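Here are some exercises to work through with the model open beside you. Try each task before you read its solution.

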Amino acid sequence: MSELLPTVDDTRAFGRALAAVLRAGDLVVLSGPLGAGKTALAQGIGAGLGVAGDITSPTFVIARVHRPDPRRGGRVPLVHVDAYRLGGVRDPLGEVDALDLDATLDESVTVVEWGEGLVEQLSDEHLEVRLDRRDDDTRVVTLIPRGADWAARCRTVDHSGASPA
Ligand SMILES: Nc1ncnc2c1ncn2[C@@H]1O[C@H](COP(=O)(O)OP(=O)(O)OP(=O)(O)O)[C@@H](O)[C@H]1O
Ligand SMILES: [Mg+2]
């Protein structure tokens, strides 16, 4: 499934809609070239999950934990990872686990910004969310289910108002 995202707000809105189908233990991989909108999408997911703290590019850290904020209806922590910092390692999630974050991946939704050409090495079941930038600077998002029940869950994402790409 692909949808057109004309503006950065549309990308955030898509993230919020996607968050509604996410639960603890999920791995979501945001793929796409530099500046495609991966962090904007992660911000939408964070808003939808109701977590605390601004979601920014984790430039100086590999991963950041955002706690659920009960006032925003938050239920699960969000672990936001920038895999550029992990480039080329054989077991990237093992590396994240080894960071000893104060939330385990099992009890969190983990969102990884993966960048171009790295996602293929990931064997764990996950949802890949592919972002592409078009010549007119709009973006196209594509959901790519990788195992488990992701295909069925993708069909339940309700992003009404968006137009198919
Ligand atoms: N439709 C759109 N969706 C997302 N971002 C957009 C869109 N249109 C313009 N932008 C702009 O693109 C820029 C890049 O966004 P963002 O930082 O989310 O990308 P990224 O994929 O995380 O980049 P990086 O590869 O550096 O991590 C932002 O300045 C954002 O405002
Ligand atoms: Mg980013």
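**Exercise 1.** Find which residue of S5 is the bridge partner of Leu 27, then place strand S2 among its neighbours.

*Solution.*
- Step 1. In this predicted model, Leu 27 has Thr 110 as its bridge partner in S5. Strands here are DSSP runs (E, at least two residues) and helices are DSSP runs (H or I, at least four), numbered from the N terminus.
- Step 2. S2 and S5 pair in the parallel sense over 4 bridges; two strands pair if DSSP finds at least two bridges between them.
- Step 3. Now turn to strand S6 (residues 126-133), which pairs with S2 in the parallel sense, also over 4 bridges. There, Val 28 has Leu 127 as its bridge partner.
- Step 4. Check the cover: Leu 27, Val 29 and Ser 31 on one side of S2, and Val 28 and Leu 30 on the other, are all buried. Buried means under 20% relative accessible area, exposed over 50%, and partly exposed in between (1.4 Å probe, protein chains only).
- Step 5. Because 5 of the 5 residues of S2 (residues 27-31) are buried, the strand is largely enclosed by the rest of the structure.

A note on conventions: residues are numbered from 1 along each chain as its sequence is written, while chains are lettered from A and ligands numbered from 1 in the order in which they are written. Local features need pLDDT of at least 70, side-chain atom pairs count only at pLDDT 80 or more, totals for chains, interfaces and linings use all residues, and side-chain values use heavy atoms, with hydrogens and water left out.

**Exercise 2.** Identify the protein donors of the magnesium ion (ligand 2).

*Solution.*
- Step 1. Look for donors, meaning N, O and S atoms within 2.8 Å of the metal (3.2 Å for Na, K and Ca); water is not among the atoms, so sites may look incomplete.
- Step 2. Thr 39 (OG1) and Glu 113 (OE) qualify, at 2.1 to 2.2 Å from the ion.
- Step 3. Thr 39 sits in helix H2 (residues 38-49) and Glu 113 in strand S5 (residues 109-113), so the pair ties together parts that are 74 residues apart in sequence.
- Step 4. Both donor residues, Thr 39 and Glu 113, are buried.

**Exercise 3.** Work out which polar side chains contact oxygen atoms of ligand 1.

*Solution.*
- Step 1. Use the polar contact cut-off: a pair of N or O atoms within 3.5 Å (within protein, one must be able to donate a hydrogen and the other to accept it, and residues adjacent in sequence count only if both atoms are side-chain atoms).
- Step 2. A polar side-chain atom of Lys 38 lies 2.8 Å from a ligand 1 oxygen.
- Step 3. For Arg 139, a side-chain N or O atom is 2.9 Å from an oxygen atom of ligand 1.
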